[in-house]
Amino acid sequence: MTVRHDRAGLARRRFLATAALSGATIVGASALGGFDADAAFAAEPSLDPAIADSSFVEGLITGITGSVLEVTSSQGEHFRVQMTNVTSVWKVRATTAEVIEVGDGLYARGVRMPDGVLAADAVWVNIVNLDTEIRGIEKHRLHLAHGHHELVGNVVTDTTASYAGRALTPDLSRLRIGQHAQVLGAWRPADDSVDVVRISVGH
């Protein structure tokens with residue numbers, strides 16, 4: 001089993017190195033491991049236990065030079081993240097690298113190149129996973145409390161809810177003021193609100 005994992009890791013390193021250095025277009029990162037928003041929080045330190053050499057970078061994007069993202073982590077470290085033709089990008093939903101902006105938060109998974117740059121196979125932009133309480137409900141937004149902070153949750157086209165661990169549904173009519181809710185979504189730096197991708201209550 002270990003040998004298989006090592007081979008998988010080496011194969012992915014070669015694959016990403018090829019993509020980073022030659023711009024090869026072969027297959028998206030989703031074929032190499034989980035890419036949905038849940039994957040960003042599924043496990044630490046590795047999101048993909050089948051691949052032992054996964055590396056992660058988190059932080060704020062401070063610059064974009066071509067296909068390289070300059071990132072400053074919450075601990076003040078500086079990283080460079082190489083986007084490739086096979087990097088999958090999540091920002092509220094699966095999208096493209098063109099939507100990434102300076103000032104966005106980033107969580108990237110990939111492999112380290114010899115020069116220290118992280119060649120990313122998946123990037124989650126502005127992703128948040130918040131423990132909240134519902135303080136108000138409007139048609140297109142929720143008023144939430146996260147710790148001592150009040151925030152607005154924008155109800156977007158794809159917002160879904162899960163009630164008591166049941167299957168996701170677009171029906172938000174069973175949300176109630178005062179409920180504790182886990183919110184998975186994407187932060188909007190412009191107004192410090194959150195686009196709600198999924199809200200779970202009664203879990």
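## A pair in the barrel

Glu 133 has Ala 145 in E9 as its bridge partner. The two strands involved here, E8 (residues 127-137) and E9 (residues 141-146), run antiparallel and are joined by four bridges. A hairpin of three residues leads from E8 to E9. The model is a predicted one.

## The chain as a whole

The protein chain holds one helix and 12 strands. Read from the N terminus, the order of elements is α-β-β-β-β-β-β-β-β-β-β-β-β.

The protein chain has 203 residues, and 47% of them count as buried. Its exposed area is about 10400 Å², with 55% of that supplied by carbon and sulfur atoms. Among contacts with a separation of 6 or more, 57% are between residues 24 or more positions apart.

## The five-strand barrel

E8 and E9 belong to a closed barrel of five strands, which runs E8-E9-E10-E12-E11 with mixed pairing. From one strand to the next, the twist averages 55 degrees. Strands of a sheet pair through backbone hydrogen bonds, in either a parallel or an antiparallel sense.

## Neighbours of E9 and E8

On from E9, the chain enters strand E10 (residues 149-163), and E9 and E10 pair in the antiparallel sense over six bridges. Within this pairing, His 143 stands opposite Val 152 in E10. The hairpin of E9 and E10 has two residues between the strands, and in it Gly 147 takes a positive phi near 65 degrees.

E8 also pairs with strand E11 (residues 180-188), in the antiparallel sense and over seven bridges. Here Leu 130 stands opposite Val 183 in E11.

## Asp 195 in strand E12

Strand E12 covers residues 193-201 and includes Asp 195. Is Asp 195 buried or exposed? Asp 195 counts as buried because its relative accessible area is 8%, and the cut-off for buried is under 20%.

The side chain of Asp 195 makes a polar contact with the side chain of Arg 188, at 2.7 Å. Leaving aside residues up to four places away in sequence, Asp 195 touches Val 92, Asn 154, Val 156, Leu 184, Gly 185, Ala 186 and Arg 188. Asn 154 and Val 156 fall within E10, which spans residues 149-163. Leu 184, Gly 185, Ala 186 and Arg 188 fall within E11, which spans residues 180-188.

Technical notes
Residues are numbered from 1 along each chain as its sequence is written. This is a predicted model: local features need pLDDT of at least 70, side-chain atom pairs count only at pLDDT 80 or more; totals for chains, interfaces and linings use all residues. Side-chain values use heavy atoms; hydrogens and water are left out. Buried means under 20% relative accessible area, exposed over 50%, partly exposed in between (1.4 Å probe, protein chains only). A polar contact is a pair of N or O atoms within 3.5 Å; within protein, one must be able to donate a hydrogen and the other to accept it, and residues adjacent in sequence count only if both atoms are side-chain atoms. Contact means heavy atoms within 4.5 Å. Two strands pair if DSSP finds at least two bridges between them. Accessible areas come from the Shrake-Rupley method with a 1.4 Å probe; for residues, only the protein chains shown count as cover. Axes are lines fitted to C-alpha atoms, for helices over the stretch in contact, and angles run from 0 to 180 degrees between N-to-C directions.
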